[in-house]
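Student: I would like to learn how to read a protein model. Could you walk me through one, feature by feature?

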Amino acid sequence: HRLVDGVRLVPLGGNWAAFSPLSGETQLLNTEASAVLELLADGSMSDAQIAQTLARDSGNDPAEVREALQHVWGQLLAAGLIEPSALPEHMQGDRT
């Protein structure tokens with residue numbers, strides 16, 4: 001996935017607010033969703049790469065992090081905050 005150009009992410013209390021230029025709307029996000037956006041701000045990453053990075057940073061098991069992120073992808077795609085990227089096959093990682 002990759003971050004849509006022009007997305008803005010700002011802290012808002014214990015959550016995060018993200019503006020999507022595609023929809024013109026601001027979404028309230030939880031910590032997991034905002035962490036995904038922060039990683040994607042540095043460039044395109046596969047779901048597995050994001051899960052591995054977040055697991056390493058948090059000290060949690062990558063499989064548990066991947067499972068916890070399952071609901072995040074649809075939310076971020078529907079909100080117009082991320083879009084699929086065409087990563088080369090060797091960069092896509094394990095999607096299981």
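**Reading the model step by step**

Tutor: Let's begin with a helix and its length. Helix 2 has twelve residues, which at 1.5 Å a residue should span 16 Å, and its end C-alpha atoms are indeed 16 Å apart, so the two values agree. Please keep in mind that this is a predicted model.

Student: Thanks! What comes right after helix 2?

Tutor: Helix 2 is followed by G59, and the phi of G59 is positive, near 80 degrees.

Student: Can we step back for a moment? How many helices and strands does the chain have?

Tutor: The chain has four helices and five strands. Reading from the N terminus, the order of the elements is β-β-β-β-α-α-α-α-β. Of the 96 residues in the chain, 36% are buried.

Student: And how much of the contact pattern comes from residues 24 or more positions apart?

Tutor: Take the contacts with a separation of 6 or more: 54% of them are between residues 24 or more positions apart. As for the outside, the accessible surface of the chain comes to about 5500 Å², and carbon and sulfur atoms account for 51% of that surface.

Student: Now the strands, please. How should I read a pair of them, and in which sense do strand 2 and strand 3 pair?

Tutor: Start with a general idea: side chains in a regular strand alternate between the two faces of the sheet. Here, strand 2 (residues 8-12) pairs with strand 3 (residues 15-20) in the antiparallel sense, over five bridges. One of the bridges to look for joins P11 to W16 in strand 3. The two strands form a hairpin with two residues between them, and G13 in the turn has a positive phi of about 65 degrees.

Student: Which strand 4 residue is the bridge partner of S20?

Tutor: That partner is E25. Strand 3 and strand 4 (residues 25-29) are also antiparallel, with five bridges. Their hairpin has four residues between the strands, and G24 takes a positive phi near 75 degrees there.

Student: Let me stay with S20. Is S20 buried or exposed, and why?

Tutor: S20 counts as buried because its relative accessibility is 0%, and the cut-off for buried is under 20%. Setting aside residues up to four places away in sequence, S20 touches E25, A79, G80 and L81. A polar atom of the S20 side chain lies 3.3 Å from the backbone oxygen of A79. A polar atom of that side chain also lies 3.4 Å from the backbone nitrogen of S23.

Student: What about the core? Which residues have the most contacts inside the largest nonpolar core?

Tutor: The largest nonpolar core has 24 residues, and V36, L37, I50, L54, L69, L76 and L81 have the most contacts inside it. Helix 1 (31-40), helix 2 and helix 4 each supply at least two residues of this core. Helix 1 gives the most, with six residues. For a single example, try V36: leaving out residues up to four places away in sequence, V36 touches I50, L54, L69, V72, W73 and L76.

Student: Which residues of helix 2 are buried?

Tutor: In helix 2, the buried residues are D47, A48, I50, A51, T53, L54 and A55. Their cover includes helix 1, helix 3 (62-68) and helix 4.

Student: I see D47 in that list. Why does D47 count as buried?

Tutor: D47 has a relative accessibility of 17%, so D47 counts as buried. D47 belongs to helix 2 (residues 47-58), and the side chains of D47 and H1 are joined by a polar contact of 2.7 Å.

Student: One last residue, then. Where does H71 lie?

Tutor: H71 lies in helix 4 (residues 70-78). With a relative accessible area of 45%, H71 is partly exposed. A polar atom of the H71 side chain lies 3.0 Å from the backbone oxygen of A68.

Student: How are H71 and A33 placed along the chain and in space?

Tutor: H71 and A33 are 38 residues apart along the chain, and their C-alpha atoms are separated by 9.2 Å. Try finding both residues in the structure in front of you!

Technical notes:
Residues numbered from 1 in each chain as written. Predicted model: local features only at pLDDT ≥ 70, side-chain atom pairs only at ≥ 80, totals over all residues. Heavy atoms only, no water. Buried < 20%, exposed > 50% of the residue type's maximum accessible area, 1.4 Å probe, protein only. Polar contact = N/O pair within 3.5 Å; in protein donor to acceptor, adjacent residues only side chain to side chain. Pairing = 2+ DSSP bridges. Core = buried A, V, L, I, M, F, W, Y, C linked by side-chain atoms within 4.5 Å. Contact = heavy atoms within 4.5 Å. Expected span 1.5 Å × (residues − 1). Areas by Shrake-Rupley, 256 points an atom, 1.4 Å probe, with all protein chains shown as cover.
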